[in-house]
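This report describes the fold, the ligand surroundings and a few individual residues of one protein. The sequence and the structure are shown first, and the description follows.

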Amino acid sequence: MLTAPTGSRHTTRPAAQQPSWIDPVTLHRVIDDLEKQPPLVEPREVDRLHEMLGRAATGRALLLQGGHCAETFGEQALDEVENNVRTLGRMGRAFSHETGLPVVPVGRMAGQYAKPRSRPTETRGEVELPSYRGDAVNGAEFNERDRTPDPWRMRTVYDQSAAALERIPDGMCHVSHEALLLDYENALVRIDPETGRRYSGSGHMLWIGERTRQLDGAHVEFAAGVDNPIGVKVGPSATAEQLLGLIELLDPERRPGRLTFIIRMGAERITDTFPELVERVASSGSPALWVCDPMHGNTRTAANGLKTRWISEIAAEIHTFVRIHRALGTHPGGLHLELTGSRVTECVGGFEPITSEALGNHYTSACDPRLNRDQSLELARLSADMWSRN
Ligand SMILES: O=C[C@H](O)[C@H](O)COP(=O)(O)O
Ligand SMILES: C=C(OP(=O)(O)O)C(=O)O
Ligand SMILES: [Mn+2]
């Protein structure tokens, strides 16, 4: 049986983007309860993904990571899981067919319930309330009761994630999420008695976000202490020294598949620093896998106030990502996308284009705008073309 380590929740490092839970007694009851639960994922499944990502890191496969920006609680969300997995599967087959490389599908799924925010509070008129930080923390409705962080929501994350995992057909993909809420993540660390190794039991792959990747921060410390594959988001302010520091902390043994850099610079800015980052990391001997998140550096606000992204900019960032790798002789290792298998109208463009005016027609994202099913499949085909022609 996998056991929970003792004392794992104590850290002296600063932890960015954590909610202000107002009731410590409830918080500790929830943590104690989570520590008693079985892990959501098993070490052997985690190791299997590690091995597959190792192939991607060494140029023999591609990672296709995708799903909602923010998953939500409830039956309706569970009903979408299968559709999203099938969309990811179809995209993977398109990619694989064109590039000749196997594709490793990984869902942003069964755990992606906590969000970092640009601002701690949101103001509407005269009223200022805590920002919505994902269903793991508080409710999206703009009233004091919903927006107050509630630790019991972390217990629901566990149940909802378990239910979502049951909806993934035949283990068609591994699952991943941002390791943001350290109270939750620490409570789900387990030790494999056979090997003595520490694993996160909350998802196969975890990533650290752009806002929490500080070298001396609690998130990097947490990730360094588990054996799962780890992603780190890399935005335009990242330096080569920071990346080399992350490699020392997260992958000192240089194991292919352990560390993935998820580049999210924006179509305009990717040429500024990215070539130097790749060169410096490659010449350090790190086998880090590079994937492109063309979503988070290309977020805009439409005239009607909705957050959106343009397919043209998303495609442009992917294109530049591939070209830079080709020029340097390194491997463009895959994509990280926010998408859904449903017919939403959240991103602008596509073959049958969604216009900025139509964005409000079916905009259901709890946080960032996602590619809909058609846009996802088109982008997969377009990207596959970039991989094989460049
Ligand atoms: O992925 C999510 C968003 O990019 C992140 O939560 C920041 O969004 P915000 O600027 O609306 O807070
Ligand atoms: C918040 C996210 O990304 P980033 O940390 O890159 O901003 C995300 O992936 O939803
Ligand atoms: Mn997002």
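## Loop residues and their exposure

Asp 170 counts as exposed because it has 6 C-beta neighbours inside 10 Å, where a residue is buried if 20 or more other C-beta atoms, placed from the backbone, lie within 10 Å of its own, exposed if 12 or fewer, and partly exposed in between. The model is predicted, and local features need pLDDT of at least 70, side-chain atom pairs count only at pLDDT 80 or more, and totals for chains, interfaces and linings use all residues. Residues are numbered from 1 along each chain as its sequence is written, while chains are lettered from A and ligands numbered from 1 in the order in which they are written.

Asp 170 belongs to the loop between α5 (152–166) and β5 (174–178), the elements being DSSP runs numbered from the N terminus, with helices (H or I) of at least four residues and strands (E) of at least two. Its phi is near 45 degrees, a positive value in a residue other than glycine. Arg 254, which is not a glycine either, has a positive phi of about 55 degrees. The table sets out the location and exposure of these residues together with Pro 353.

| Residue | Loop | C-beta atoms within 10 Å | Class |
|---|---|---|---|
| Asp 170 | α5 (152–166) to β5 (174–178) | 6 | exposed |
| Arg 254 | α8 (240–250) to β10 (259–263) | 13 | partly exposed |
| Pro 353 | β14 (334–338) to α11 (373–389) | 11 | exposed |

Pro 353 is 348 residues from Pro 5 in sequence, and the distance between them in space is 51 Å, C-alpha to C-alpha.

## A buried helix residue

Thr 87 lies in helix α3 (residues 75–99) and is buried, with 24 other C-beta atoms within 10 Å. Once neighbours within four places in sequence are left aside, Thr 87 is in contact with Leu 339, Gly 341, Arg 373 and Ser 376, contact meaning that the C-beta atoms, placed from the backbone, lie within 7 Å. Between Thr 87 and Ser 376, which are 289 residues apart along the chain, the C-alpha separation is 7.7 Å.

## Overall fold

The protein has eleven helices and 14 strands. Its radius of gyration is 20 Å, close to the 21 Å that the globule rule gives for 390 residues, so the protein is as compact as a globular protein of that length; the radius is taken over C-alpha atoms, and the rule is 2.2 Å times the number of residues to the power 0.38. Of the 390 residues, 47% count as buried, and among contacts between residues at least 6 apart in sequence, 77% join residues at least 24 apart.

## Helix packing

Helix α9 (residues 270–283) packs against helix α10 (residues 311–328) at an angle of about 35 degrees, with the axes 10 Å apart; axes are lines fitted to C-alpha atoms over the stretch in contact, and angles run from 0 to 180 degrees between N-to-C directions. Among the residues that meet are Phe 274 and Val 278 in α9 and Phe 321 and Ile 324 in α10.

## Ligand surroundings

Ligand 1 is surrounded by Cys 69, Lys 115, Pro 116, Arg 117, Ser 118, His 296, Cys 367 and Asp 368, a residue being near if its C-beta atom, placed from the backbone, lies within 6 Å. Around ligand 2 are Cys 69, Pro 116, Gly 209, Glu 210, Arg 211, Lys 233, Arg 264, His 296 and Asp 368.

Notes. Contact = placed C-beta atoms within 7 Å.
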